[in-house]
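User: Please take a close look at the metal site in this model. I would like to know what holds the metals and where those residues sit.

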Amino acid sequence: MARAFLFVLDSFGVGGAPDAAAYGDEGADTLGHIAEFCAAGAGDRAGLRSGPLSLPNMSELGLMQIARSASGQFPAGMPVPEKIYGIYGAATEISRGKDTPSGHWEIAGTPVSFDWGYFPIEGDAFPAEFIDALCKEAGVPGILGNCHASGTEIIARLGEEHIRTGMPICYTSSDSVFQVAAHELHFGLDRLLAFCQIARRLLDRYNIGRVIARPFIGQSASTFQRTGNRRDFSVLPPEPTLLDRLVEHGRRVHAVGKIGDIFAHQGISRVIKANGNDALMDASLSAIDEAEDGDLVFTNFVDFDMSFGHRRDVPGYAAALEAFDARLPEVHKKLKPGDLVVLTADHGCDPTWRGTDHTRERVPVIAYGPGIRSRSIGVRRSYADIGESIARHLGIPAGPHGRSFL
Ligand SMILES: O=P(O)(O)O[C@H]1O[C@H](CO)[C@@H](O)[C@H]1O
Ligand SMILES: [Mn+2]
Ligand SMILES: [Mn+2]
């Protein structure tokens, strides 16, 4: 028997997606551009970090070779180790959409072949009949926002009016999302979650992937802050995923962080919530201690995306990568024969790119563990190869999409 630990570094793309132009993202490269900025001194921030990007542990696991295979060049200013430990490659996304659920479902062997619903950029983002029905059922006087926005910018702009009027702030992005920001105390967290659940039901016919509750605290534009009580209400994956298949075979899936929400709680045995990458790593290490033969520990490290990618914060993203990398030896120390660690990402969110949305990119695929022979697996044609490799490693039957690289 065996165990698998799957860590998704949310938005850690490596560029090179062949269909990037269709998403307006030709040339986007999260790792490549962060490295380039850091090498040029544009990744420095006093008290946080300085100098070229330094990821020694992921580099020894093949990250530099991965970047070159995905996007054509080694990241700037980063040494290329000669000896690589582990399996390394990149993967191209075949799902339609560069959002978190599409990426995670495809990683778990279930690509998204249908088109999600999206909201228009010009004019009101949301259909009036939907907003009318939502406000009526939820008993709120109306909504604020009704546009595409960055979540931190819109609460600074409309948060005070929201407190005054009791109208939730509703906004979207280039993803298939309906997001609702409301004050945790003035509006109330439970009311916000109830509002989102109504919206979830009403939006099913619009094919919207996720409704996201974005609670915040603070009293004025300069002190508003989002809290860790974010909740995502996702539609169900279109087919059973690796997670469902594992649970069906009597295995346990330990879902750390957002994973439970991303999979609409399907195929999840145990949810472990944690806030921030460090706490997520702590929770993952404890889950590794508890995982039994045949189990999967599946963690989403959300800070890369939520706190730095969407915020277009290069030094912040670089520092978060360096902090993650520095903790990998703690994972290495816990590994037993039969264990497999996989590091990957769900899409890009290039912090040097225009706008604040995700970017269509390839993702890194690193797989290692005791006794696993180091080799290149090239550029995989779908993220689904990751899920199928884990299925093979854990000894369950292969699914219909993707091919194992093990
Ligand atoms: O700007 P914030 O609120 O962080 O929103 C971002 O988070 C959403 C979910 O990942 C994305 O679609 C993007 O809109
Ligand atoms: Mn994501
Ligand atoms: Mn995101």
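Analyst: Start with Asp346. This is a predicted model, and in it Asp346 is buried, at 0% relative accessibility. Asp10 is buried as well, with a relative accessible area of 0%. These two residues serve the manganese ion (ligand 2).

The donors to the manganese ion (ligand 2) are Asp10 (OD), Asp10 (OD), Thr100 (OG1), Asp346 (OD) and His347 (NE2). Their distances run from 2.1 to 2.7 Å. Asp10 is listed with two OD donors. Along the chain, the spacing reads D-x89-T-x245-D-H. Asp10 and Asp346 link distant parts of the chain, 336 residues apart. Asp10 sits in the loop between strand S1 (3–9) and helix H1 (30–39). Asp346 sits in the loop between strand S12 (339–344) and strand S13 (363–368).

Now the second ion. The manganese ion (ligand 3) lies 4.5 Å from the manganese ion (ligand 2). Coordinating the manganese ion (ligand 3) are Asp305 (OD), Asp305 (OD), His310 (NE2) and His358 (NE2), at 2.1 to 2.7 Å. Here, too, the aspartate appears with two OD donors. The donor residues are spaced D-x4-H-x47-H in sequence. Asp305 belongs to helix H11 (residues 303–309), while His358 is in the loop between S12 and S13, so this pair ties together parts 53 residues apart in sequence. Asp305 and His358 are both buried.

Put the two ions side by side. The loop between S12 and S13 supplies Asp346 to the manganese ion (ligand 2). That loop also holds His358, a donor to the manganese ion (ligand 3).

Methods
Residues are numbered from 1 along each chain as its sequence is written. Chains are lettered from A and ligands numbered from 1 in the order in which they are written. This is a predicted model: local features need pLDDT of at least 70, side-chain atom pairs count only at pLDDT 80 or more; totals for chains, interfaces and linings use all residues. Side-chain values use heavy atoms; hydrogens and water are left out. Donors are N, O and S atoms within 2.8 Å of the metal (3.2 Å for Na, K and Ca); water is not among the atoms, so sites may look incomplete. Helices (H or I, at least four residues) and strands (E, at least two) are DSSP runs, numbered from the N terminus. Buried means under 20% relative accessible area, exposed over 50%, partly exposed in between (1.4 Å probe, protein chains only).
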